[in-house]
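Trainee: I would like a close look at a single part of this model, the salt bridges. Please set them in the context of the whole chain.

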Amino acid sequence: WPSTPCRAISSATKLLDLNGNLITLPNMLFIDREVQNLSARGHIRREVNIAVPYGGTAEDIDNAMEAMREAFNDPDVIEDAMAKDRDGEPHVSFSDFKESWLALRGYHYYYMGEEAETQRETDRGWFSYLDHCSLVNRKIVEKFQERGLEFAFPTQTVVLEKDDPGPA
């Protein structure tokens with residue numbers, strides 16, 4: 001037996017979540033799983049999904065996609081995202097045919113600081129990112145309104161047919 005006392009090795013990692021809750025995770029969880037250090041990221045890529053109604057033309061879809069691009073590239077959005085002269089251009093596509101709408105998908109970036117700065121090195125964090133998302137969403141609504149575009153909502157068409165083709 002060793003003559004010096006053994007030290008207990010911590011068998012758990014303690015974290016505070018965004019709500020202030022203390023979370024205890026057994027270290028065994030980290031042995032065979034990927035761990036992402038979100039405070040070490042330099043940017044966030046956000047996905048935005050927009051639903052436009054069926055019944056429009058291909059031009060309407062192009063118009064809606066252009067409205068999203070305009071919102072992502074708005075000078076206020078670019079400045080707030082610190083995206084000027086960065087890689088990672090916004091992207092918009094017509095992604096899918098859903099049950100009640102046509103789906104558009106866009107991606108834009110929010111940078112944490114100057115080149116090579118990470119979130120932990122700046123004052124920018126989760127709440128400034130959420131404020132940025134609100135700015136982008138407001139710009140999308142504004143651009144859709146300027147173009148007379150509508151957002152879709154779940155709808156269903158019911159067709160009623162008469163069993164007897166005779167007089168009503």
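Mentor: What follows goes from the whole chain to the salt bridges, and then to one residue in a helix.

This is a predicted model, in which local features need pLDDT of at least 70 and side-chain atom pairs count only at pLDDT 80 or more, while totals for chains, interfaces and linings use all residues. Residues are numbered from 1 along each chain as its sequence is written, and side-chain values use heavy atoms, with hydrogens and water left out.

The chain has 3 helices and 5 strands. Helices (H or I, at least four residues) and strands (E, at least two) are DSSP runs numbered from the N terminus. Read from the N terminus, the order of elements is β-β-β-α-α-β-β-α.

The radius of gyration of the chain is 25 Å, whereas a compact globule of 168 residues would have one near 15 Å. The radius is taken over C-alpha atoms, and the globule rule is 2.2 Å times the number of residues to the power 0.38. Along the principal axes, the C-alpha atoms fill a box of roughly 105 × 50 × 25 Å.

Of the 168 residues, 28% are buried. Buried means under 20% relative accessible area, exposed means over 50%, and partly exposed lies in between (1.4 Å probe, protein chains only). The exposed area of the chain is about 12500 Å², with 52% of it supplied by carbon and sulfur atoms. Such areas come from the Shrake-Rupley method with a 1.4 Å probe, and for residues only the protein chains shown count as cover.

Contacts here mean heavy atoms within 4.5 Å. Among contacts between residues at least 6 apart in sequence, 66% join residues at least 24 apart.

As for charges, the chain has 18 positive and 30 negative ones, and their mean positions are 7 Å apart. Lys and Arg count as positive and Asp and Glu as negative, with His and the chain ends not counted. The place of a charge is NZ of Lys, CZ of Arg, CG of Asp or CD of Glu.

Now to the part you asked about. The structure holds 6 salt bridges, each being a side-chain nitrogen of Lys or Arg within 4 Å of a carboxyl oxygen of Asp or Glu.

One of them pairs Glu70 with Arg147, with the closest N and O atoms 2.4 Å apart. Glu70 lies in helix α1 (residues 58–72) and Arg147 in the segment after α3 (126–146), so this pair ties together parts that are 77 residues apart in sequence. Glu70 is partly exposed at 27% relative accessibility, and Arg147 is also partly exposed at 27%.

Another salt bridge joins Lys139 and Asp74, where the closest N and O atoms are 3.5 Å apart. Because Lys139 lies in helix α3 and Asp74 in the loop between α1 and α2 (75–81), the pair ties together parts 65 residues apart in sequence. Lys139 counts as buried at 11% relative accessibility, and Asp74 counts as buried at 9%.

Lys139 also meets Asp76 in a salt bridge, at 3.5 Å from N to O. This pair links distant parts of the chain, with Asp76 in helix α2 and Lys139 in helix α3, 63 residues apart. Asp76 has a relative accessible area of 42% and is partly exposed. Asp74, Asp76 and Lys139 are thus linked in a network of salt bridges.

Finally, consider Met65, which lies in helix α1. Met65 is buried, at 11% relative accessible area. Leaving aside residues up to four places away in sequence, Met65 touches Val92, Ser93, Phe94 and Leu104. The C-alpha atoms of Met65 and Glu115 are separated by 29 Å, the two residues being 50 apart along the chain.
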